Amino acid sequence: MNLHQRLSLTLIGLTATIFIAESPAVYARDTKSIAVQIHSDDPVDLSVRLAGKPLAIEQTAEDFYNLGVQKYHQKDYPGAIEAYDRAIALNPNYANAYIGRGNARDDLGNSQSAIADYNQAIKIDPNNASAYLNRGVTHLRLKNNQAAIADYNQAIKIDPQYAEAYIKRGFILYILADNQAALADYNQAIKIDPNNAPAYIGRGGVRAQLGDRQEAIADLQKAADLFQKQGDNESSQKVLDLIKKIQGTQSAPQ
């Protein structure tokens, strides 16, 4: 393999793993510790439903939490924060509401406020793996890699079956050039959740970095197929474009 090919595969590997970090919020934020009871495609606006609730029926913290989840999925982050504020006002010990508000604040660029929310969630519920994972995501955005790794480690310690935590830790290990450890994390994520498309993207990126072209292509093709089955055609096409770039290195001059 000549220098051009090695550099190309390195760049492709980095592109593949960065794809994980820039994936839609569903991959970074919809963690299993948060009990989402509504769906982003719910045709009923919960704010309308809340407004129409009979006065005799008290609006609960859970009502506003679910409204916050809906607003978050709609990318109405200020609206989500307002709903989570109401949930927290009604129940100051609602750990998942702090996590949800932290997610919305982070997506608005208010990283320190987001970390404060995750800290409060952890104070309320020290065994909430989701709080650690989401705080790790924010630390990663702030380039606090070691703090992010510590949070992912804790999330995995609390829940050894937390595939998303392995994926996120694998990404940091990759950018720190610890390819074998990153590969092990992606393998574990796939073992836990064989239908997790981002896990295959991450493993494909590491394999491209290691020069394992065919295995990288196989992983990325699997990810593209999974995205397509899940109805995410945009992400599927992005992965297929990565495959074309890897295949292009095969015809590069020796």
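# A tour of helix contacts and salt bridges

Start by selecting Asn-196, which touches Glu-164, Ile-167 and Leu-226, leaving aside residues up to four places away in sequence. The model is predicted. Asn-196 sits in the loop between α11 (179-192) and α12 (197-209). Its relative accessible area is 11%, so Asn-196 counts as buried.

Next, select Ser-235, in helix α14 (residues 233-250). Is Ser-235 buried or exposed? Ser-235 is buried, at 5% relative accessibility. Add Ala-223 to the selection: from C-alpha to C-alpha, Ser-235 and Ala-223 are 9.1 Å apart in space, and they are 12 residues apart in sequence.

Now show helix α6 (residues 95-107) together with helix α8 (residues 129-141). The two helices pack at an angle of about 15 degrees, and their axes are 10 Å apart. Angles under 35 degrees count as roughly parallel, so α6 is roughly parallel to α8. The crossing of α6 and α8 is left-handed.

Which residues make this contact? On the α6 side, select Ile-99, Asn-103, Asp-106 and Asp-107; on the α8 side, Ser-130, Ala-131, Asn-134, Thr-138 and Arg-141. Sorted by class, the contact of α6 with α8 has two nonpolar, four polar and three charged residues.

Keep Asp-107 and Arg-141 in view. They form a salt bridge whose closest N and O atoms are 3.3 Å apart. Asp-107 belongs to helix α6 and Arg-141 to helix α8, so the pair ties together parts that are 34 residues apart in sequence. Both ends can be checked for accessibility: Asp-107 is partly exposed, with a relative accessible area of 24%, and Arg-141 is partly exposed, at 42%.

The structure holds 13 salt bridges. For another one, select Arg-101 and Asp-117, whose side chains meet at 2.8 Å, N to O. Arg-101 lies in helix α6 and Asp-117 in helix α7 (residues 111-124), so this salt bridge ties together parts that are 16 residues apart in sequence. Arg-101 and Asp-117 are both buried.

Move on to Asp-219 and Arg-207, whose side chains meet in a salt bridge of 2.9 Å, N to O. This pair links distant parts of the chain, with Asp-219 in helix α13 (residues 213-229) and Arg-207 in helix α12, 12 residues apart. Asp-219 is buried, with a relative accessible area of 4%; Arg-207 is buried too, at 16%.

Finally, select Asp-85, Arg-101, Arg-105 and Asp-117, which are joined into one network by salt bridges that share partners.

Key. Residues numbered from 1 in each chain as written. Predicted model: local features only at pLDDT ≥ 70, side-chain atom pairs only at ≥ 80, totals over all residues. Heavy atoms only, no water. Axes fitted to C-alpha atoms, helices over the stretch in contact; angles between N-to-C directions. Helix = DSSP H or I, 4+ residues; strand = E, 2+ residues; numbered from the N terminus. Parallel < 35°, antiparallel > 145°, perpendicular 65-115°, else oblique. Left-handed = near helix turned anticlockwise from the far one by under 90°. Contact = heavy atoms within 4.5 Å. Nonpolar A, V, L, I, M, F, W, Y, C, P; charged D, E, K, R; others polar. Buried < 20%, exposed > 50% of the residue type's maximum accessible area, 1.4 Å probe, protein only. Salt bridge = Lys/Arg side-chain N within 4 Å of Asp/Glu carboxyl O.
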